[in-house]
2 protein chains.
Amino acid sequence: MVKGNHMRAVTIDDVAKKAGVSIKTVSRVVNREPNVRAATKEKVEAAIKELNYRPNQSARGLAARRSYMIGLLYDNPSPNYLANLQSGVLEACHEKDYGLALNPVSFHDPDLVETVVHWVRQSSIDGVILTPPLTDSIPLLEALSQQNIPSAVISSRGTGDAPAALIDEEEAAYEMTRHLIISGHRDIAFIKGHPDHYASGLREKGFLRAMESEGVPVAPGFMEQGYFDFASGQEAASRLLDLPKRPTAIFASNDDMAAAVIFEAHSRKIDVPGELAVAGFDDTPLSRQIWPGLTTVRQPIRAMGHQAAGLVLDTLAAGKGADEERKDVIQVDFELMIRGSTATSR
Amino acid sequence: MVKGNHMRAVTIDDVAKKAGVSIKTVSRVVNREPNVRAATKEKVEAAIKELNYRPNQSARGLAARRSYMIGLLYDNPSPNYLANLQSGVLEACHEKDYGLALNPVSFHDPDLVETVVHWVRQSSIDGVILTPPLTDSIPLLEALSQQNIPSAVISSRGTGDAPAALIDEEEAAYEMTRHLIISGHRDIAFIKGHPDHYASGLREKGFLRAMESEGVPVAPGFMEQGYFDFASGQEAASRLLDLPKRPTAIFASNDDMAAAVIFEAHSRKIDVPGELAVAGFDDTPLSRQIWPGLTTVRQPIRAMGHQAAGLVLDTLAAGKGADEERKDVIQVDFELMIRGSTATSR
DNA sequence: ATGCAATGTGACAGCGCTGTCAACAAAGCA
DNA sequence: TGCTTTGTTGACAGCGCTGTCACATTGCAT
């Protein structure tokens, strides 16, 4: 029952002693504060490296009244989305020696705002990243802004003054629709995304704009409501494929629903892409793992996560507050991934 | 440029004042320490509730020399696996007011042990959860044990003395194989899992045991090496389906590889399950999203994450150290999910 | 040289909590 | 009844760091 020789971790004092300076100077170097002479800085950095010193987060957090953590808020996203995003965010955090706290919440929770604000306060979370559909909750955005909590949103509605990392959803949907039209389709159906997500509207708008600009009418019954999950996609597909004159192409607002369309087509022995072309949105791994490969819009989720975290961390580094109305919007490029599900054979 | 009316969060002093006791007593109640009179405890709890008090983690961490965080170590798992597991772990952490720190590492990193130990020390992580294949790194397990860092493993090799949450991998593979045999197959091929994972061996063993006990020989060339990812599954499937006398059933060691088999079959116009039955392992969402639905073994990953976190937190609560050789192993039930990919039609 | 701002550095308090230990109350025992 | 034992509570130090502010040093113009 040896009580573990918990050899004391190296502290700022050790570093200060070794470098022959005061702990405050070490603190300055660690926190990249100005007004440290280059020579001093080097000495300290050498000592840090030699002792392999890493500041104690609890002590830092207590003294500075912050946690050196940012929060990631999400509501039941697809595992692929979450894993990718998280990986990007984590990377950015790691670079800046920040921690990441996860907080799964519910968009429809009536106490959402209070829950989040209280969580941030009591954990001294320094900033938060919001993912859809939370990015579209005006009350939440307002509360965060008003409470002076630095935040960034992923793929937001673009409204609100939080910095954002996003793609041009409408343009992406527009181009995908054009791809279908150019491939020769005219009977194109669309499965809408979850109405809670602002992006759903943008994707729909892009679709409609392409149809209109190309002079292709949208047949009655060709706009179906979906909710971004497989089951809703399946239902929508089922209705579309039961239509007396069914579409020759279906554009679903995300990959899960597109996969469901292909699933339904398969089980009705409808050939994809021969009799039905299918397109999705997101480029999740799923799109490469089903057959035929799913044509979709690639969103660099991981990169967006990284960017968004960067935005929050920059805000933190800069003003130590979300005061100055920085309205950064990082728009990253999407890419059409053309795969088998829209292949035009003949 | 208002400096944010960061209304001071409620502290232990506020609670103590309101309850008319010393802060130490509040601390006792919060930490469920013994020797507090019931009446006192109630007073304190009332005050806590009324003020909506939650202890400051940084202060707690600093004073108690621990972080009230556990770490989740993983090496590039599938997004589905990670998301599920994490969700379970997070839930358990939440219940006990613990935080979760994520740490993606690399199994093949030569400094793995040092990296992990140092991370745990410097972040004062209180305990860790390991996921495959890290669970199979003897040096890592030994280091954690020797350094007295409470840990639990998910689906471990069962060796080592860390508590574990696992399923009977071999039995699951055995039963799945029997399912294929009973369905009338005799030409059954097997795609092995990543050799770094101990579970791969168990699944293979279960397969072989079933074949042997049913007196079904394994044809030459019917054991293929895979690495748990789609690409490797695709290569293995490709080789198997190119065989002069190809299998009528393929059992892949996980869903990603099984999906790849189905993909390959589709692209060669081989009917699944008519000409080729396919079985996987894990029951990821993918298995329901491809066509035909994938027969697979359901592992309750989320529940296992919850359990594993519970094991670590219990250790923490109990001995405040990993001293007493607790060798808990929670074995959870698996379930055969029979879907279209092994349907026996005729 | 001399003065004065700009720059660099350190002493020290204290962040909110837990561990230690001492004080005191209640209960058990002879 | 006095004494020990056990249970309950509080005073206080200090965890490792940052913020504040005072002081030391430098650069530059005079």
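Begin by selecting DNA strand D, around which 26 residues gather, and of these Ile12(A), Ser27(A), Tyr53(A), Thr25(B) and Thr40(B) come nearest. Of the atoms of DNA strand D that come within 4 Å of the protein, 64% belong to sugar and phosphate. Keep in mind throughout that this is a predicted model.

Stay at the strand and display its phosphate oxygens together with three of the residues just named. A backbone N or O atom of Ile12(A) lies 2.4 Å from a phosphate oxygen of DNA strand D, whereas for Ser27(A) the atom concerned is a polar side-chain atom, 2.6 Å from a phosphate oxygen. From chain B, Thr40(B) likewise brings a polar side-chain atom to a phosphate oxygen of the strand, at 2.5 Å.

Next, colour the helices that face the strand. At least two residues of the surface near DNA strand D come from each of α2 (23-30) and α4 of chain A and α2 (23-30) and α4 (57-64) of chain B, and α4(A) gives the most, with 4 residues. Coloured by residue class, the surface near DNA strand D shows 11 nonpolar, 8 polar and 7 charged residues.

Now move to the aromatic rings, of which 10 pairs are counted over all chains. Select Tyr68(A) and Tyr98(A), a tilted pair with 5.5 Å from centre to centre and 50 degrees between the planes. Tyr68(A) sits in the loop between α4 (57-64) and β1 (69-74) of chain A and Tyr98(A) in the loop between α5 (79-95) and β2 (99-104), so the pair ties together parts that are 30 residues apart in sequence. Tyr68(A) is buried at 8% relative accessible area, and Tyr98(A) is also buried, at 14%.

Switch to chain B and pick Phe190(B) and Phe207(B), whose ring centres are 4.6 Å apart and whose planes meet at 20 degrees, so the pair is stacked. Phe190(B) belongs to strand β6 (residues 188-192) and Phe207(B) to helix α9 (residues 198-213), 17 residues apart. Phe190(B) is buried at 0% relative accessibility, and Phe207(B) is buried with a value of 0%. In chain A, select Phe190(A), Phe207(A) and Phe251(A), which ring pairs link into a cluster.

Still on rings, centre the view on Tyr68(B): Arg60(B) lies over its face at 3.9 Å from the ring centre, and Arg66(B) lies over the face of Tyr68(B) at 4.7 Å.

The last stops are salt bridges, of which the structure holds 37 over all chains. Select Lys96(A) and Asp314(A), whose side chains meet at 3.8 Å, N to O. Lys96(A) is in the loop between α5 and β2 and Asp314(A) in helix α13 (residues 301-319), so this bridge ties together parts of chain A that are 218 residues apart in sequence. Lys96(A) is partly exposed at 43%, as is Asp314(A) at 37%.

In chain B, go to Glu214(B) and Arg178(B), a salt bridge with its closest N and O atoms 2.4 Å apart. Then select Arg239(B) and Glu224(B), where the corresponding distance is 2.7 Å. Arg239(B) lies in helix α10 (residues 230-242) and Glu224(B) in strand β7, so that salt bridge joins parts 15 residues apart in sequence. Is each partner buried or partly exposed? Arg239(B) is partly exposed at 39% relative accessibility, while Glu224(B) is buried at 13%.

Finish in chain A with Asp283(A), Arg288(A), Arg298(A) and Arg339(A), which salt bridges with shared partners join into one network.

Technical notes
Residues numbered from 1 in each chain as written. Chains lettered and ligands numbered in written order. Predicted model: local features only at pLDDT ≥ 70, side-chain atom pairs only at ≥ 80, totals over all residues. Heavy atoms only, no water. Phe/Tyr/Trp six-rings, centres within 6.5 Å; stacked < 30°, edge-to-face > 60°. Buried < 20%, exposed > 50% of the residue type's maximum accessible area, 1.4 Å probe, protein only. Lys NZ or Arg CZ within 6 Å of the ring centre and 35° of its normal. Near = heavy atom within 4 Å. Polar contact = N/O pair within 3.5 Å; in protein donor to acceptor, adjacent residues only side chain to side chain. Nonpolar A, V, L, I, M, F, W, Y, C, P; charged D, E, K, R; others polar. Salt bridge = Lys/Arg side-chain N within 4 Å of Asp/Glu carboxyl O.
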